[in-house]
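User: Hi! Could you walk me through this model before I head back to the bench?

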Amino acid sequence: MNPQARAPLKPLDEALADLLAQATPLAGTDTVNTFDADGRVLAQAATSPLQVPPSDNSSMDGYAVRCADVPASGVELLVSQRIPAGSFGTPLAAGTAARIFTGAPVPAGADAIVMQEDCEALDGERVRVNAVPAPGQWIRRAGEDITLGAQVLAAGTRLTPAELGLAASIGLGRLQVARRPRVALFSTGDELVMPGDVPPAQMKPGAIYNSNRFFLRAMLLRLGCEVSDLGIVPDRREATVAALRQAASGHDLILTSGGVSVGEEDHIKPAVESLGRLDLWQIAMKPGKPFAYGQIAHGSGSAHFMGLPGNPVSSFVTFGLLVRPFVLRLQGVRDVAPKAIAATAGFDWPRADKRREFLRVRQGVDGTLELFANQSSGVLTSAAWADGVVDNPAGQTIARGDRVRFLPFAELLS
Ligand code: AMP
Ligand code: MG
């Protein structure tokens, strides 16, 4: 009898905690141009050497005035200077206005901007102000975005386009980021054929195309990894050992799919154990369940090993819930657990499962979740159709209208 069949299932949260306990951030950083840092993880906190904006400036095209000079609508003032963005004016004399443009520094003495729509330029020299300004209006204050010395970005921040702009706004043209994890990827299974190698009409009975290789590679690349794609390893013990041994040197992580059950054709467990150590877990999740974590020794160090289940949707979901947080933590990201949001089920799920389920759903424009009809772990169509999963606790049924935990794919895949 299968010795694993009766082993108690491991809660997913415990599996994640055990994995993260092994995910020591990698030593070494890269210094990259800020342009090229999207998706990378900041290795050092960024502190601002200046305030942003650097000085009080106008948020409108118009006239800088002293409010005391404009007690009523219709006041006429001498235009004493012109301040376009990029230039710096002189203190504003009482009884005068400065022509000013968006982004230009507000001259000393001025305490409001009147937008040009509320003004009338007269004879070139004077302006009629047709509105009573409130003190401070249309002025962006110095330092209102960033104060001098403020920590703008914490170490361990995964950079997004907004953060690249923010880093640039404090003068950072280059950023020190965590080095990319080096990941060796291979698929196991004698049934697997690469698309392009054999046309569909000539596929032998029993053969299927290797789909996991494509999404696993793509997800690793999105997470900032360098991927060595080692192809398909046949279902033989020696071939598996040889592939793992080769992959262990020069990689931080070896990721495989398939072969992690304990059938006669599942060679991952004995192969990894012959080169290091391995924990084979039965995780209380669906899709998913079999998952392996181990370490393979090489030289003076060791490479992490993770074995995902072969069923495509199981592979896809366990990647998002377990491999993604691990790979981010290797780069120094602290907050790695995906964040669920509350959403309303637009479907019934009348049969509770013993395992925590991750149901493929799609969010409608009103936020209600629609369920993909076939939730089988082999049906990859469900993952392509969906834009997230419902994280449904073990033993829980769902009725239309119930509030559920929704995990958007952005939290699992990107
Ligand atoms: P295994 O975990 O090796 O027992 O595989 C479980 C199921 O997933 C089997 O139906 C396999 O044919 C399928 N499978 C395994 N690896 C892949 C892959 N790379 N692409 C598509 N299906 C796979
Ligand atoms: Mg297999």
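Analyst: Happy to. One term first: a polar contact here is a pair of N or O atoms within 3.5 Å. Also keep in mind that this is a predicted model.

User: Good to know. Let's start with the ligand: which residues are closest to ligand 1?

Analyst: The closest are Glu191, Asn210, Gly259, Gly310 and Asn311, out of 14 residues that surround ligand 1.

User: And how far is the polar side-chain atom of Asn210 from the nitrogen atom of ligand 1?

Analyst: That distance is 2.8 Å. Glu191 also brings in a polar side-chain atom, 2.5 Å from an oxygen atom of the ligand. With Asn311 it's the backbone: one of its polar backbone atoms is 3.1 Å from an oxygen atom of ligand 1.

User: How much of the accessible area of ligand 1 does the protein cover?

Analyst: The protein covers 76% of the 480 Å² that ligand 1 has on its own.

User: What's the mix of residues in the shell around ligand 1?

Analyst: You'll find 9 polar, 4 nonpolar and 1 charged residue there.

User: OK, on to the fold. In what order do the strands come in the open sheet that includes S20?

Analyst: The order is S16-S13-S17-S21-S20-S18, so to speak from one edge to the other, 6 strands with mixed pairing. The edges are S16 (226-233) and S18 (276-282), each of which pairs on one side only. Neighbouring strands in this sheet are turned by 15° against each other on average, ignoring direction.

User: Which strands pair in the parallel sense there?

Analyst: One such pair is S17 (residues 253-257) with S21 (residues 301-308), over 5 bridges. Within that pairing, Leu253 has His304 in S21 as its bridge partner.

User: What about S20, is that strand enclosed or open to the outside?

Analyst: S20 (residues 290-298) is largely enclosed by the rest of the structure, because 7 of its 9 residues are buried. S20 runs antiparallel to S18, with 7 bridges joining them, and Leu278 has Gly294 in S20 as its bridge partner. S20 and S21 are antiparallel too, again with 7 bridges, and Ile296 stands opposite Ala303 in S21. The hairpin of S20 and S21 has 2 residues between the strands, and Gly299 takes a positive phi near 50° in it.

User: Nice. Where does Thr188 lie, and is Thr188 buried or exposed?

Analyst: Thr188 lies in strand S13 (residues 182-188). It counts as buried because its relative accessible area is 9%, and the cut-off for buried is under 20%. A polar atom of the Thr188 side chain is 3.2 Å from the backbone oxygen of Gly258.

User: And Asp391, what does its side chain contact?

Analyst: The Asp391 side chain makes a polar contact with the side chain of Arg356, at 2.8 Å. Asp391 is in strand S25 (residues 388-392), and it is buried, with 4% relative accessibility.

User: Switching topic: what about the sheet with S7 and S8 at its edges?

Analyst: That one is an open sheet of 6 strands, ordered S7-S4-S6-S5-S9-S8, and its pairing is mixed. S7 covers 112-115 and S8 covers 119-122, each pairing on one side only. Its neighbouring strands are turned by 40° on average, direction ignored. Inside the sheet, S5 (residues 75-83) and S9 (residues 126-129) run antiparallel and are joined by 4 bridges; Leu78 has Arg126 as its bridge partner in S9.

User: Last thing, any backbone oddities? Which peptide bonds are cis?

Analyst: The bond from Val52 to Pro53 is cis, with omega near -10°, and so is the one joining Lys286 and Pro287, with omega about 0°. Pro53 is in the loop between S2 (46-47) and S3 (57-58), while Pro287 is in the loop between S19 (285-286) and S20. For context, most peptide bonds are trans, and most residues other than glycine have a negative phi.

User: Which residues have a positive phi although they are not glycine?

Analyst: Trp138, at about 60°, and Lys289, at about 100°. Trp138 is in the loop between S9 and S10 (139-140) and is partly exposed, at 34% relative accessible area. Lys289 is in the loop between S19 and S20, and at 29% relative accessibility it counts as partly exposed.

Notes:
Residues numbered from 1 in each chain as written. Chains lettered and ligands numbered in written order. Predicted model: local features only at pLDDT ≥ 70, side-chain atom pairs only at ≥ 80, totals over all residues. Heavy atoms only, no water. Near = heavy atom within 4 Å. Polar contact = N/O pair within 3.5 Å; in protein donor to acceptor, adjacent residues only side chain to side chain. Areas by Shrake-Rupley, 256 points an atom, 1.4 Å probe, with all protein chains shown as cover. Nonpolar A, V, L, I, M, F, W, Y, C, P; charged D, E, K, R; others polar. Pairing = 2+ DSSP bridges. Axes fitted to C-alpha atoms, helices over the stretch in contact; angles between N-to-C directions. Buried < 20%, exposed > 50% of the residue type's maximum accessible area, 1.4 Å probe, protein only.
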